[in-house]
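Thank you all for coming. I would like to take a few minutes to walk through one model, beginning with the fold and ending with two individual residues.

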Amino acid sequence: MIIGDRLRALREEKKLCQGDIEKRTGLLRCYISRVENGLTIPAIETLEKMAPSLRSPMYEPNQA
């Protein structure tokens, strides 16, 4: 799964809008949109900011 798709799925699952993530992380809404649409690949530091705002760990082992 592409990271932007996963971030969008998590955000929608938590019933959050991009503005909510912007407020929680300080990242601009337009940047969040670019990540979700696959136009930008976020740095690890950015993912570390986003994970708590989505109430999700950075790493989840595959449930095979």
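I will go through the overall architecture, then the confidence, then the surface, and then two loop positions.

Please keep in mind that this is a predicted model, in which local features need pLDDT of at least 70 and side-chain atom pairs count only at pLDDT 80 or more, whereas totals for chains, interfaces and linings use all residues. Residues are numbered from 1 along each chain as its sequence is written, and side-chain values use heavy atoms, with hydrogens and water left out.

The protein chain has 4 helices and 0 strands, where helices (H or I, at least four residues) and strands (E, at least two) are DSSP runs numbered from the N terminus, and along the sequence the pattern reads α-α-α-α. The radius of gyration, taken over C-alpha atoms, is 11 Å, close to the 11 Å that the globule rule (2.2 Å times the number of residues to the power 0.38) gives for 64 residues, so the chain is as compact as a globular protein of that length. Along the principal axes, the C-alpha atoms fill a box of roughly 35 × 20 × 20 Å. Of the contacts with a separation of 6 or more, contact meaning heavy atoms within 4.5 Å, 51% are between residues 24 or more positions apart.

As for confidence, pLDDT is the predictor's own confidence in each residue, from 0 to 100; its mean over the protein chain is 90, and 91% of the residues reach 70 or more. Among the elements, helix H3 (residues 29–36) has the highest mean pLDDT, 97, and helix H4 (residues 44–53) the lowest, 92.

Turning to the surface, the chain exposes about 4,500 Å², of which carbon and sulfur atoms supply 54%, these areas coming from the Shrake-Rupley method with a 1.4 Å probe. Buried residues make up 34% of the 64, where buried means under 20% relative accessible area, exposed over 50%, and partly exposed in between (1.4 Å probe, protein chains only).

Which loops hold the two positions I mentioned? Lysine 15 is in the loop between helix H1 (3–13) and helix H2 (18–25), and with a relative accessible area of 73% it is exposed; its C-alpha atom is separated by 9.8 Å from that of leucine 54, 39 residues apart along the chain. Isoleucine 41 is in the loop between H3 and H4 and, at 75% relative accessibility, also counts as exposed, while its C-alpha atom and that of isoleucine 2, 39 residues apart along the chain, are separated by 9.8 Å.
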